[in-house]
Amino acid sequence: VGGSHGALLAAVLAEVPEAVGVLVDLPEVVAGAPKYLASAGMQERVRCVGGDFFITVPPGDCYLLKHVLHDWSDKQCVQILTVIHDNMALSGRVVIIEALADNVAPKATVGVMDMAMMVLTEGGRERTLPEFERLLGKAGLVLSGVTKTESEF
């Protein structure tokens, strides 16, 4: 969801040969995806869907969002997550890849990203784990775990 040209989705699918994916982003964004997906050898395993994730997303069992929620206000994040919740399978999952403002080193990086989100977006920002839990709860979702990565990004 909000997957641009599909680089992350292609990388995930390369690790899970039996999986297929649906790339969802604005129509003008996913228009450029087939060329990238073909270069990654994933054109047969990915369906590109142009749309607005504030309105709907295709049905699915796993939704992947990387650096999407930090672009939006709390209200908009709840709307995105609610749309996903309403369309996902009962056993579905949402995988969110974001920096945690309360658990990232170096702290300066999060501060710079937070300032950038304030300047570049209307209400976007880096969030703490309790803030993400609150957003998920408002959308009818429950946090099941957090995995720390080596990268700040």
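The protein contains 6 helices and 4 strands, and it should be kept in mind throughout that the model is a predicted one. Followed along the sequence, these elements come in the pattern α-β-α-α-β-β-α-β-α-α. Of the 153 residues in the protein, 33% are buried, and the protein exposes about 9000 Å², of which carbon and sulfur atoms supply 60%. Among the contacts between residues at least 6 apart in sequence, 71% join residues that are at least 24 apart.

A careful reader may begin with helix α1, which spans residues 7-15 and whose buried residues are L9, A10 and L13. When α1 is viewed down its axis, these buried residues fall within an arc of 100°, and therefore they line one face of the helix. The elements against which the buried residues of α1 pack are β1 (21-25), α3 (33-39) and β2 (46-50).

One of these partners, helix α3, is also the place of K35. This lysine is exposed, because its relative accessible area of 73% lies over the 50% that marks an exposed residue. K35 and H5 stand 30 residues apart in sequence, while their C-alpha atoms are 8.5 Å apart in space.

The aromatic residues offer another way into the structure, which holds 3 aromatic pairs. In one of them, F53 and W72 meet edge-to-face, with 6.2 Å from centre to centre and 90° between the planes. This pair links distant parts of the chain, since F53 lies in the loop between β2 and β3 (60-66) and W72 in the loop between β3 and α4 (74-87), the two residues being 19 apart. F53 is buried, because its relative accessible area of 12% is under the 20% cut-off, whereas W72, with a relative accessible area of 25%, is partly exposed. F53 and W72 also belong, together with F54, to one aromatic cluster.

It remains to look at the cysteines, among them C48 and C77. C48 is partly exposed, with a relative accessible area of 31%, while C77 is buried, with a relative accessible area of 0%. As for disulfides, where a pair of cysteine sulfur atoms would have to lie within 2.5 Å, the count in this model comes to 0.

Methods: Residues are numbered from 1 along each chain as its sequence is written. This is a predicted model: local features need pLDDT of at least 70, side-chain atom pairs count only at pLDDT 80 or more; totals for chains, interfaces and linings use all residues. Side-chain values use heavy atoms; hydrogens and water are left out. Buried means under 20% relative accessible area, exposed over 50%, partly exposed in between (1.4 Å probe, protein chains only). The arc is that of the directions from the helix axis to the C-beta atoms. Contact means heavy atoms within 4.5 Å. Accessible areas come from the Shrake-Rupley method with a 1.4 Å probe; for residues, only the protein chains shown count as cover. Rings of Phe, Tyr and Trp (its six-membered ring) pair if their centres lie within 6.5 Å; planes under 30 degrees apart count as stacked, over 60 as edge-to-face and the rest as tilted.
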